[in-house]
Amino acid sequence: MLIENKLPKLQNIIVLRTFAIIAVVLYHCYCPWLEAWNWYKCEYRSLYSFIFETVLVGRMPLFVCVSGYLFSHLYLDRGKYHEFGNFLQNKIKRLLVPCMLFTGLMCLILQLNYVENIVGYGFHLWFLKMLFFCFMTTWLCAKYIHQIKLDIIAICISIIMMFISMPKFLGIGQYFKYYFFFLGGYMLYKYRYQLKFLYNKYFATLLMTFFTLICIICAWRYLAQPQLANGDIIHLDKVVMICRMLLRPLTILIAFI
């Protein structure tokens with residue numbers, strides 16, 4: 001269990017982060033069969049799509065949530081990142097610089113416009129720009145918000161942000177999409193003692209049952225519509241999209257339990 005009386009060493013969280021990273025890497029290995037990349041086309045595979053687009057759709061939200069959880073631990077209990085200047089310098093060095101260098105390398109290899117790509121999607125390390133904004137916003141929350149009701153308001157705002165369509169300019173669009181999960185990780189650690197009910201075995205069983213039922217619904221849709229294996233078509237199926245939306249937070253709750 002992740003809740004302890006002492007300051008946690010967070011071994012379990014490190015395991016969760018490793019699992020999320022492996023899931024993300026595996027997804028990219030199968031991208032040619034999911035119509036996720038246009039560089040190399042393969043025949044669509046419904047099984048691959050079902051696994052990575054539904055069962056493991058929470059891989060990136062889990063990774064982002066773990067990042068927020070670790071930030072909360074370091075800021076609140078380890079006394080790290082309290083000086084904004086040092087914090088900003090650290091995140092620029094660890095997030096933005098690698099993103100800029102990798103994007104430059106990819107543009108050089110593919111002979112693409114660097115400026116367009118660095119302010120746009122940014123290839124495989126797109127999430128680094130998104131994480132940068134998540135860290136900056138959550139630092140402000142940690143610094144200036146100290147009441148539960150204000151934290152609840154912040155969570156509600158982050159939920160609304162997920163449904164606001166924003167351009168991918170400098171990672172803003174991805175930031176709006178994923179910030180709820182980062183802030184959620186921050187809150188899971190901050191209020192870990194108040195949220196002990198989440199670790200009840202009956203609640204865990206309920207979550208697993210709900211998760212399984214949603215996956216069964218998705219499997220039924222895939223059997224009825226094999227073309228869902230196409231990464232572009234899957235977004236047109238409202239049932240699958242609703243299921244994917246529910247599976248993301250469910251994956252995080254089950255992982256933390």
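Colleague: What makes up the protein chain in terms of helices and strands?

Modeller: The protein chain has 10 helices and 0 strands. Helices are DSSP runs of H or I with at least four residues, strands are runs of E with at least two, and the numbering starts at the N terminus. This is a predicted model, where local features need pLDDT of at least 70 and side-chain atom pairs count only at 80 or more, while totals for chains, interfaces and linings use all residues. Residues are numbered from 1 along each chain as its sequence is written, and side-chain values use heavy atoms, leaving out hydrogens and water.

Colleague: How do you know whether the radius of gyration agrees with a compact globule?

Modeller: Let's set the value against the rule, which is 2.2 Å times the number of residues to the power 0.38, with the radius taken over C-alpha atoms. With 257 residues, a compact globule would come out near 18 Å; the protein chain has 19 Å, so the two agree. The C-alpha trace spans about 50 × 50 × 30 Å along its principal axes.

Colleague: Why are Phe71 and Phe87 called an aromatic pair, and is it stacked, edge-to-face or tilted?

Modeller: Rings of Phe, Tyr and Trp (its six-membered ring) pair if their centres lie within 6.5 Å; planes under 30 degrees apart are stacked, over 60 edge-to-face, and the rest tilted. By this rule the count comes to 26 aromatic pairs. Phe71 and Phe87 sit 5.7 Å apart, centre to centre, with 45 degrees between the planes, which makes the pair tilted. Phe71 belongs to helix α3 (residues 59-76) and Phe87 to helix α4 (residues 84-110), 16 residues apart.

Colleague: And what do you call the pair of Phe87 and Trp139?

Modeller: That one is stacked: the centres are 6.4 Å apart and the planes differ by 20 degrees. Trp139 lies in helix α6 (residues 126-144) and Phe87 in helix α4, so this pair ties together parts that are 52 residues apart in sequence.

Colleague: Are Phe87 and Trp139 buried or exposed?

Modeller: Both are buried, and Phe71 is buried too. Buried means under 20% relative accessible area, exposed means over 50%, and partly exposed is in between (1.4 Å probe, protein chains only). Of the 257 residues, 46% count as buried.

Colleague: Which residues do ring pairs link into a cluster?

Modeller: Phe71, Tyr75, Tyr81, Phe84, Phe87, Phe135, Trp139, Phe182 and Tyr186.
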